[in-house]
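Please open the model in your viewer and keep the sequence panel beside it. The tour below says what to select at each stop and what to look for there.

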Amino acid sequence: MPPEAEEIAEQVFVALADPSRRSLLAALAAGGPATATDLAGRLPITRQAIAKHLTLLADAGLVTAEPGERRRVRYRLRSAPMRVAQQFLAALARDWDGPLDALQAHLEKGAHDD
Amino acid sequence: MAFPDRIERVVEIAHPPVTVWTALTTADGLSSWFGEEVTIDLRPGGTARMSWSSGDVADMRIERVEEPTVFGYTWHVYGLPEDDPRRTYVEFTLEPVAAGTRLTVVESGFSQLPDDAHDKAFGGNVQGWASELGELVAYLDAA
């Protein structure tokens, strides 16, 4: 597997492991781009902690910083890394055991039809 | 390797490959154990669809049909957005054994990265929306 994919997914999972960063990402997903001040007004997290988490999220490529109004930096969610992580979750969520058990049960039930 | 690119299962079934083949490749067969409603056009390049009363739908594109030993198809990755172009490849291999059939299923492609073209398209979409919303705002401001 591409090591790059693993690295990207790991950063997503590290980001999501922290409840403050989860709520920051959730706020950006739900409400669109926002400044640290906007986010501090909406979330029960200190302005200082928000700035620290946003820097970490920007370094990991999960949010991008862009110029906003009144020379404030706005943060925007980047969905591409989430899509890489989603694919790993898809592998864990795929169930083949259930369908294969059902296939065996179906064929055993129909044993006398052979 | 922390994350699997491929999932593999092997099961032994007390029936000859021809019986297992029918269960894997016909609408009647598939609807008995996998999908609830099934349609299938069994040829390379053909499509198949399985649906469930839950509202879930699986659209498959058939890649390999080598009766009664290999059946392969691609499908959308469950849990990814509808517009995501990535697909995994599923291949069933049937091998006759004394007890009946050894059936191997391999699903691969989970660790593929979204390709560059897709990244660009997706980035393009985001910018497209931002600029369209910007145009709407400019239009309303002017009115």
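The stops go from one whole chain to its sheet, then to a single loop residue, and finally to the partner chain and the contact between the two. Keep in mind throughout that this is a predicted model.

**Stop 1: chain A as a whole**

Select chain A and show it as a cartoon. You should find 6 helices and 3 strands, arranged along the sequence as α-α-β-α-α-β-β-α-α. The radius of gyration is 21 Å, well over the 13 Å that the globule rule gives for 114 residues, so chain A is more spread out than a compact globule. Turn the C-alpha trace to view its principal axes: chain A spans about 80 × 30 × 20 Å along them. Colour by burial next, and 25% of the 114 residues of chain A come up as buried. Of the contacts in chain A between residues at least 6 apart in sequence, 53% join residues at least 24 apart.

**Stop 2: the sheet of chain A**

Now select the strands of chain A. They form an open sheet of 3 strands in the order β1-β3-β2, with antiparallel pairing. β1 (34–35) and β2 of chain A are at the edges, each with a single partner strand, so one side of each has no neighbour in the sheet. Zoom in on β1(A) and β3(A): these antiparallel strands are joined by 2 bridges. Which residue of β3(A) stands opposite A:A34? Label A:Y75 to see that partner.

Add helix α2 of chain A, residues 19–31, to the view. This helix packs on the sheet and touches β1, β2 and β3 of chain A. The direction of α2(A) makes about 85° with that of β3(A). Then add helix α4 of chain A, residues 47–59, which lies across β2 and β3 of chain A. The angle at which α4(A) runs to β2(A) is about 105°.

**Stop 3: A:G68**

Centre on A:G68, in the loop between β2 (63–67) and β3 (73–77) of chain A. Is this residue buried, partly exposed or exposed? A:G68 has 16 C-beta neighbours inside 10 Å, and because a buried residue needs 20 or more and an exposed one has 12 or fewer, A:G68 counts as partly exposed. Show its contacts, leaving out neighbours within four places in sequence: A:T35, A:V73 and A:R74 appear. Draw a distance between the C-alpha atoms of A:G68 and A:T35; the value is 7.7 Å, for residues 33 apart along the chain.

**Stop 4: chain B**

Switch to chain B, which has 3 helices and 7 strands. From the N terminus on, its elements run β-α-α-β-β-β-β-β-β-α. Burial colouring marks 17% of the 143 residues of chain B as buried. Among contacts in chain B with a separation of 6 or more, 34% are between residues 24 or more positions apart.

**Stop 5: where the chains meet**

Show both chains and select the residues in contact across them: 26 from chain A and 30 from chain B. On the chain A side, α1 (3–16), α5 (80–93) and α6 (97–109) each supply at least two residues. Which helix of chain A gives the largest share? Highlight α5(A), which contributes 10 residues. Coloured by residue type, the side of chain A that touches chain B divides into 17 nonpolar, 4 polar and 5 charged residues.

Methods:
Residues are numbered from 1 along each chain as its sequence is written. Chains are lettered from A and ligands numbered from 1 in the order in which they are written. This is a predicted model: local features need pLDDT of at least 70, side-chain atom pairs count only at pLDDT 80 or more; totals for chains, interfaces and linings use all residues. Helices (H or I, at least four residues) and strands (E, at least two) are DSSP runs, numbered from the N terminus. Two residues are in contact if their C-beta atoms, placed from the backbone, lie within 7 Å. Ala, Val, Leu, Ile, Met, Phe, Trp, Tyr, Cys and Pro count as nonpolar, Asp, Glu, Lys and Arg as charged, and the others, Gly among them, as polar. The radius of gyration is taken over C-alpha atoms; the globule rule is 2.2 Å times the number of residues to the power 0.38. Two strands pair if DSSP finds at least two bridges between them. Axes are lines fitted to C-alpha atoms, for helices over the stretch in contact, and angles run from 0 to 180 degrees between N-to-C directions.
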